Amino acid sequence: MDTLYIVVPCYNEEEVLAETSKQLLAKITELMNSGKISEKSRIVFVNDGSKDSTWEIIESLHNENHIFQGISLTRNKGHQNALLAGLMTVKDHCDMTISLDADLQDDIDAMDKMIDKYYNGCEIVYGVRNARNSDTVFKRKTAGSYYKIMKFMGADIVSESADYRLMSKKALEGLAEFKEVNLFLRGVVPMIGYKSDVVYYARKERFAGKSKYPLKKMLSFAWEGITSLSVKPIQIITILGGAIFLISIIMLIYSVIRHIIGATSIGWTSLIVSIWAIGGLQLLAIGVIGEYIGKVYLETKSRPKYIIEKYLGDE
């Protein structure tokens, strides 16, 4: 039997941790009793610089039962870095990991099928939502559009999958080879390769507390994914710039012909509109290019993606 580590990033999750730990303990015990995983399997909570009592609850859980482990980062580094910190910390102690959020929206019963696919030779198994009934109509529409845009931009991501996935030790070692600071795991994990599959599940409503991804943060996360995985926005700007240049040549020829035949007319409105249109396009182009330059700047600094302050592991 192989060892499973369940990795759960947490940020201000004091309202859900009691129920989350209860359900995860029941699930991992069930998996042990059925002979699917080793009794050395563990549940690891990663405290991403929470401002509430999340870490104190994790410490209490660990003291009561060492099947619970805890990792505390020195400060809030974001969901993706917290998840990476957990995965990289446990990769030398396990045969496989399953990562999921602490809000209980991911169906933990899907773990059984994930583990079955792992034993059938899959190194990565993605949890894919077969329905978004718990989401608002706006979120369902925007999420669908986002995955389509990502595909158009050339990003190889699994549609309707988040960070609920199983990764083998081999896949984790492959993930460790990716050194980028601008981290978007949903796009990076498929780049690892290896045999993969999906498990479908119905997403539930959040058990308690508030979502850590309001609209503003969701848009920022979406833009981070696009610019981290694709240079297509710059290519689009190049194409757009070439098209405008071509139009300007046509307009120049048209203006010369109009001048020769004596039909020149002064158009203040068209002139002003043109100036504003070109000026706006230039600012947009500079902004997109600047975004990429900023990412290059951060990559060259090679700052650590996270720093672990405390680790509660097996004694």
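Contact is taken here to mean heavy atoms within 4.5 Å. The model is predicted, so that local features need pLDDT of at least 70 and side-chain atom pairs count only at pLDDT 80 or more, while totals for chains, interfaces and linings use all residues. Residues are numbered from 1 along each chain as its sequence is written, and side-chain values use heavy atoms, with hydrogens and water left out.

The chain holds ten helices and eight strands, assigned as DSSP runs (helices H or I, at least four residues; strands E, at least two) and numbered from the N terminus. Of its 315 residues, 43% are buried, that is, under 20% relative accessible area with a 1.4 Å probe, protein chains only. Among contacts with a separation of 6 or more, 83% join residues 24 or more positions apart.

A good place to begin is the loop between helix H1 (17-33) and strand E2 (42-47), where Ser-38 lies. Ser-38 counts as buried because its relative accessibility is 11%. Beyond its neighbours within four places in sequence, Ser-38 contacts Met-1, Asp-2, Thr-3 and Met-32.

Turning to the interior, the largest nonpolar core has 35 residues, and Ile-6, Leu-24 and Phe-45 have the most contacts inside it. Such a core is a set of buried Ala, Val, Leu, Ile, Met, Phe, Trp, Tyr and Cys residues joined through side-chain atoms within 4.5 Å. H1 gives this core its largest share, five residues. Leu-24 touches Ile-6, Val-8, Ile-43, Phe-45, Leu-100, Ile-108 and Met-111, residues up to four places away in sequence not being counted. Apart from this core lies another, of 26 residues, including Val-44, Leu-83, Leu-84 and Met-88.

Definitions and conventions
Buried < 20%, exposed > 50% of the residue type's maximum accessible area, 1.4 Å probe, protein only.
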